[in-house]
Amino acid sequence: MNSIIVKGLLIPFLGTSLGSACVLFMKKDLSANLQKSLSGFAAGVMIAASVWSLLIPAMDQATEQGMGKIGFIPAVIGFCLGMLFLLLLDVITPHMHLNETVEGPKSSFSKSTMMVLAVTLHNIPEGMAVGVLYAGWYTGAVNVSASAALALAIGIAIQNFPEGAIISMPLHSKGVSKNKAFVYGVLTGIVEPVAGFATILLARFIVPVLPYLLSFAAGAMIYVVVEELVPEMAEDEGEKHSNAGTIMFMIGFSLMMMLDVALG
């Protein structure tokens with residue numbers, strides 16, 4: 001496989017690993033304000049990546065395939081299916097927000113297990129998103145450059161850095177050892193290159209439906225933002241209201257937008 005693709009698929013995993021490593025230097029609990037900031041930043045990056053790196057290329061390719069002015073149809077269908085897919089996962093699997101606690105005898109999984117499971121499930125479509133973009137570039141089936149695929153990989157890696165920290169640092173604050181919390185964080189990200197590699201290997205089969213897959217990945221990422229990150233960045237928890245999450249959302253969105261335009 002092309003070395004450019006291999007390196008690109010590993011970039012998001014590196015972001016998760018580096019974020020998880022923050023726990024090794026942690027001396028205090030993760031403050032609520034910092035967690036809101038990290039969530040806001042991640043949300044901004046993911047929304048910008050979904051629009052510029054996934055939805056717009058999906059509509060462009062559908063138009064080039066002869067759909068003309070109705071080239072938005074695959075994007076709409078794929079986007080809705082992506083959101084509904086993660087909604088279904090949330091319904092049929094044990095789900096919790098990262099700042100919730102687990103109580104009562106009905107809890108069949110420990111809090112640590114459910115936190116890792118939730119983020120791992122969300123990382124799968126992110127890996128697919130990078131894989132889909134590289135597949136489109138490698139096969140020449142869609143007007144996507146290697147730089148655009150790299151921009152998405154870097155954007156997701158930036159988003160994964162706070163995500164890794166959000167996993168590993170709260171785990172340690174709840175009593176999990178630093179090394180074990182770091183490993184948990186890393187494991188949530190290892191599914192991304194695996195999903196990306198699988199997508200590349202199936203490239204010749206997915207090229208005809210690439211607009212749907214691009215927008216599917218966008219829908220899955222937006223679902224994570226709406227269901228997980230926005231509530232976390234906005235929650236007051238009885239404390240004084242903070243705009244940190246909103247400001248970091250603005251920074252994350254702007255950074256990813258600039259990355260995609262500059263590298264694309």
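Contacts between helix H1 and helix H7, defined as heavy atoms within 4.5 Å, join Ile-5, Val-6, Leu-9, Leu-10, Pro-12, Phe-13 and Thr-16 of H1 to Glu-192, Pro-193, Gly-196, Phe-197 and Ile-200 of H7. By class, this contact comprises 9 nonpolar, 2 polar and 1 charged residues, with Gly counted as polar. The model is predicted, and local features are reported at pLDDT of at least 70 and side-chain atom pairs at pLDDT 80 or more, whereas totals for chains, interfaces and linings use all residues. Residues are numbered from 1 along each chain as its sequence is written, and side-chain values use heavy atoms, with hydrogens and water left out.

The axes of H1 (residues 3-20) and H7 (residues 191-201) come within 8 Å and cross at roughly 155°, which makes H1 roughly antiparallel to H7 (angles over 145 degrees).

The largest nonpolar core, a set of buried Ala, Val, Leu, Ile, Met, Phe, Trp, Tyr and Cys residues joined through side-chain atoms within 4.5 Å, where buried means under 20% relative accessible area with a 1.4 Å probe and protein chains only, has 41 residues. Those with the most contacts inside this core include Leu-54, Val-130, Leu-133 and Leu-152. Leu-152 touches, among residues beyond four places away in sequence, Ala-49, Ser-53, Leu-54, Ala-129, Val-130, Leu-133 and Met-256. A second, separate core of 11 residues includes Val-23, Met-26, Met-169 and Ala-181.

Met-83, found in helix H3 (residues 72-92), counts as partly exposed because its relative accessibility is 23%, the partly exposed class lying between under 20% and over 50%. When residues up to four places away in sequence are not counted, Met-83 touches Gly-219, Ala-220, Ile-222 and Tyr-223.

Key
Axes fitted to C-alpha atoms, helices over the stretch in contact; angles between N-to-C directions. Helix = DSSP H or I, 4+ residues; strand = E, 2+ residues; numbered from the N terminus. Parallel < 35°, antiparallel > 145°, perpendicular 65-115°, else oblique.
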